[in-house]
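This briefing goes through one protein structure, from overall dimensions to selected local features. Please keep the sequence and the 3D view open while reading.

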Amino acid sequence: ITGFENGWYRVKCRYGTIGCIRSDLVDLIPSLDYSSGSAAGSAIVALAQQYLGVRYVYGGASPKGFDCSGFTMYVHGQFGVSLPHTATGQWQSGKGTRVYSISALQPGDLVFFNDPSRNAGKACSHAGIYVGDGQFIHASSSGGRVVYSTLLTGYYNRYFVGGIHI
């Protein structure tokens, strides 16, 4: 899987054939070789994009409704990665490699934020999944849905803590 757009997976087959497959005809295999970073990241992003528009539910961790860490936990869980259900817990989980620069992020990486007015003394107040080109996907309490946002300017840029490449 090399990408996802309008309900279609872009794919490159073993011998170089390139094409598209409708996403409703595909069951993603719930384990990936994370050592092949770009393929794993693309698959994570493609799965995360399937949940765009799903409503925000505090404490939610399923396609019926997600909060931010429930969304990242659910998506990565589909690939065999177990994460805690808090942004701080995920940031402090010891999984993967931490990344502190937006320019070093890769698609599929977890991204974390810390707004002191919302963190209740914790290390992080929000989490999402990096999709590339300075964008990430997340369950937004203010937007009320799973949405795209930018890391390059504004609120999320100001409160960016770092990322984790699993």
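The points below cover the whole chain, then a helix, a hairpin and a single residue.

The model is predicted, not experimental. The protein contains 4 helices and 11 strands. Its radius of gyration is 15 Å, which agrees with the value near 15 Å for a compact globule of 166 residues.

**Overall dimensions and packing**

- Along the principal axes, the C-alpha atoms occupy a box of roughly 50 × 30 × 30 Å.
- Buried residues make up 43% of the 166 in the protein.
- Among contacts with a separation of 6 or more, 49% are between residues 24 or more positions apart.

**Surface and charge**

- The exposed area of the protein is about 8,500 Å², and 51% of this comes from carbon and sulfur atoms.
- There are 12 positive and 8 negative side chains.
- The centres of the positive and negative sets are 5 Å apart.

**Helix H2**

- Helix H2 spans residues 68–77, and 8 of its 10 residues are buried, so the helix is largely enclosed by the rest of the structure.
- The buried positions of H2 begin with the run Cys-68, Ser-69, Gly-70, Phe-71 and Thr-72.
- Tyr-74, Val-75 and His-76 are also buried in H2.

**The E9–E10 hairpin**

- Strand E9 (residues 135–140) and strand E10 (residues 145–150) run antiparallel and are joined by 6 bridges.
- Within this pairing, Ile-137 lies opposite Tyr-148 of E10.
- E9 and E10 make a hairpin, with 4 residues between the two strands.
- Gly-144, in the turn of the hairpin, has a positive phi of about 75 degrees.

**Ile-164 in strand E11**

- Ile-164 belongs to strand E11, which covers residues 160–165.
- The relative accessibility of Ile-164 is 1%, so this residue counts as buried, the cut-off being under 20%.
- Ile-164 and Leu-110 are 54 residues apart along the chain, yet their C-alpha atoms are separated by 5.1 Å.
- Beyond its neighbours within four places in sequence, Ile-164 is in contact with Gln-90, Trp-91, Lys-95, Gly-96, Thr-97 and Arg-98, among others.
- The contacts of Ile-164 also include Asp-109, Leu-110 and Phe-112.
- Leu-110 therefore appears both as a contact of Ile-164 and as the partner in the C-alpha separation of 5.1 Å.

Terms used. Residues are numbered from 1 along each chain as its sequence is written. This is a predicted model: local features need pLDDT of at least 70, side-chain atom pairs count only at pLDDT 80 or more; totals for chains, interfaces and linings use all residues. Side-chain values use heavy atoms; hydrogens and water are left out. The radius of gyration is taken over C-alpha atoms; the globule rule is 2.2 Å times the number of residues to the power 0.38. Buried means under 20% relative accessible area, exposed over 50%, partly exposed in between (1.4 Å probe, protein chains only). Contact means heavy atoms within 4.5 Å. Accessible areas come from the Shrake-Rupley method with a 1.4 Å probe; for residues, only the protein chains shown count as cover. Lys and Arg count as positive and Asp and Glu as negative; His and the chain ends are not counted. The place of a charge is taken as NZ of Lys, CZ of Arg, CG of Asp or CD of Glu. Two strands pair if DSSP finds at least two bridges between them.
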